[in-house]
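Biologist: I am new to this structure and would like to be led through it by questions. May we begin with a single residue and widen the view from there?

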Amino acid sequence: MAGVFEVEVDGVEHDHGLEHHDESNRFDMSKLSPEEKWRVEHARMHAKHKGHEAMHAEMVLILIVTLVVAQLVLVQWKQRHPRSYNLVTLFQMWVVPLYFTTKLHWWRFLTTWFIFSVITAYISYRATRKPLACTTPRLVYKWFLLLYKISYAIGIAGYSVVMFTLFGINLIFRIKPEDAMDFGVSLLFYGLYYGVLGRDFAEMCADFMASTVGFYSASGMPTKHLSDSICAVCGQPILVDVSEEGIIENTYRLTCNHVFHEFCIRGWCIVGKKQTCPYCKEKVDLKRMFSNPWERPHVMYGQLLDWLRYLVAWQPVIIGFVQGINYILGLE
């Protein structure tokens, strides 16, 4: 028996047979606009799943239960074995988008991903060398701080374009809404993805360098003595006094009275997500350290990236696991 479905195109209902039906009602799908094609496919999907409400409810229940269980497992894993959790998450953040963009032939993303991977691989290689070169910590933090600022700016630009499109400002420049929205979402994707990935690599490099420099130990006591004129992050002399205004960068003093180069302590606290003093591990008050109101959103932005890490790295894995359960149970 021929399958029949009804679809409304341009306000008129058409009754189409899938095999043998009235030839007068047939039309060429290739001549339809993208919106009309979407409506035809939507009608086909509704016809295919009509009467499957119980099955769909079961699939939704499986999805909710899997999300809850996965969240509990991930939280316990992160608390009990943070190092392995961070490494696995970092690997997935690096590989999962690569799989989908390669499949979709997004060459622009693949180009930026390759450039980022090459530079970051070199920086990570320098950070894991023993003995650690005296210029490596500064190079590491400057690269990831630059990457952080670029991703932050791109993300803000993408968000602005999306909001301007929603308010119709794109029409002033005669730009189609779909083109403006695609451009804004693409910028958001680039900014957030490289922001998350860069912070994870920065934290990994910070852990390696902290153990190599020798300020950490199992007992919690520093294994090296820190001079008042030496930065505890990079080990280089501090040439600018805390009370002086530097030409290239300033000097920061924490509440524990340890002083650091501006690029070093910013990279350590914001990019590397370390909220303790690199030397004595005393808690760092980021609000007091960065009192400028224009810098505070950067800290909030870092917390946003932590949440998005779960969405990018683990959400595809959980959805794939749910689809596997549905396949085993014969649900569609």
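Biologist: In which helix is the place of Thr120?
Modeller: The model is a predicted one. Thr120 touches Trp143, Phe144 and Phe201, leaving out residues up to four places away in sequence. Its own place is in helix H4.

Biologist: Is Thr120 buried or exposed?
Modeller: Buried means a relative accessible area under 20%. The relative accessible area of Thr120 is 2%, so Thr120 is buried.

Biologist: Which residue has its backbone oxygen 2.8 Å from a polar atom of the side chain of Thr120?
Modeller: A polar contact requires N or O atoms within 3.5 Å. The distance here is 2.8 Å, and the backbone oxygen belongs to Phe116.

Biologist: Which residues form one aromatic cluster with Phe116?
Modeller: A search of the whole structure finds 16 aromatic pairs. Phe116 belongs to one aromatic cluster, and its partners there are Phe109, Phe189, Tyr190, Tyr193, Tyr194 and Phe201.

Biologist: Is the pair of Trp77 and Tyr85 stacked or edge-to-face?
Modeller: Planes over 60 degrees apart count as edge-to-face. The ring centres of Trp77 and Tyr85 are 5.4 Å apart and their planes stand at 85°, so the pair is edge-to-face.

Biologist: Why does Trp77 count as partly exposed, and why does Tyr85 count as buried?
Modeller: The partly exposed class lies between 20% and 50% relative accessible area, and buried means under 20%. Trp77 counts as partly exposed because its relative accessibility is 25%. Tyr85 counts as buried because its relative accessibility is 9%.

Biologist: How are the rings of Tyr190 and Tyr194 arranged, stacked or edge-to-face?
Modeller: Both residues lie in helix H6, 4 residues apart, about one turn of the helix, and both are buried. Their ring centres are 6.3 Å apart with 25° between the planes, and the aromatic pair is stacked.

Biologist: Which residues touch the most other members of the largest nonpolar core?
Modeller: This core has 52 residues. At least two of its residues come from each of helices H2, H3, H4, H5, H6, H7 and H9, and from strand S4. The members that touch the most others are Phe144 and Phe260.

Biologist: Which helix gives the most to this core?
Modeller: Among the elements that supply at least two residues are H5 (136-166) and H6 (177-213). The most, 10 residues, comes from H6.

Biologist: Which residues does Phe260 touch, not counting those up to four places away in sequence?
Modeller: Contact here means heavy atoms within 4.5 Å. By that criterion, Phe260 touches Cys231, Ala232, Val233, Ile238, Asn250, Thr251, Tyr252, Leu254, Ile265, Cys277 and Pro278.

Biologist: Where is the place of Asn170?
Modeller: Asn170 is buried, because its relative accessible area is 6%. Leaving aside neighbours within four places in sequence, Asn170 is in contact with Phe164, Thr165, Ile175, Lys176, Pro177 and Ala180. Its place is in the loop between H5 and H6.

Biologist: How many Å apart in space are Asn170 and Met181?
Modeller: The two residues are 11 residues apart in sequence. From C-alpha to C-alpha, the distance between Asn170 and Met181 is 9.4 Å.

Biologist: Which backbone oxygen does the side chain of Thr165 reach?
Modeller: Thr165 is in helix H5, and its relative accessible area of 11% is why Thr165 is buried. Outside its neighbours within four places in sequence, Thr165 is in contact with Asn170, Pro177, Ala180 and Met181. At 2.7 Å, its side chain reaches the backbone oxygen of Val161.

Biologist: Which residues are covered by the UniProt annotation "transmembrane region"?
Modeller: The annotation comes from an unreviewed UniProt entry. One of its spans, 106-125, is 95% helix and 0% strand, with end C-alpha atoms 28 Å apart. Another, 146-173, is 75% helix and 0% strand, with end C-alpha atoms 32 Å apart. The annotation covers residues 59-77, 84-100, 106-125 and 146-173.

Biologist: What pattern does the protein chain follow along the sequence?
Modeller: The protein chain has 9 helices and 4 strands. Read along the sequence, their pattern is β-β-α-α-α-α-α-α-β-β-α-α-α.

Biologist: What percentage of the residues of the protein chain count as buried?
Modeller: The accessible surface of the chain comes to about 20800 Å², of which 65% belongs to carbon and sulfur atoms. Of the 332 residues, the part that counts as buried is 37%.

Methods
Residues numbered from 1 in each chain as written. Predicted model: local features only at pLDDT ≥ 70, side-chain atom pairs only at ≥ 80, totals over all residues. Heavy atoms only, no water. UniProt positions renumbered as here; feature names shortened; annotations may be inferred. Core = buried A, V, L, I, M, F, W, Y, C linked by side-chain atoms within 4.5 Å. Buried < 20%, exposed > 50% of the residue type's maximum accessible area, 1.4 Å probe, protein only. Phe/Tyr/Trp six-rings, centres within 6.5 Å; stacked < 30°, edge-to-face > 60°. Polar contact = N/O pair within 3.5 Å; in protein donor to acceptor, adjacent residues only side chain to side chain. Areas by Shrake-Rupley, 256 points an atom, 1.4 Å probe, with all protein chains shown as cover.
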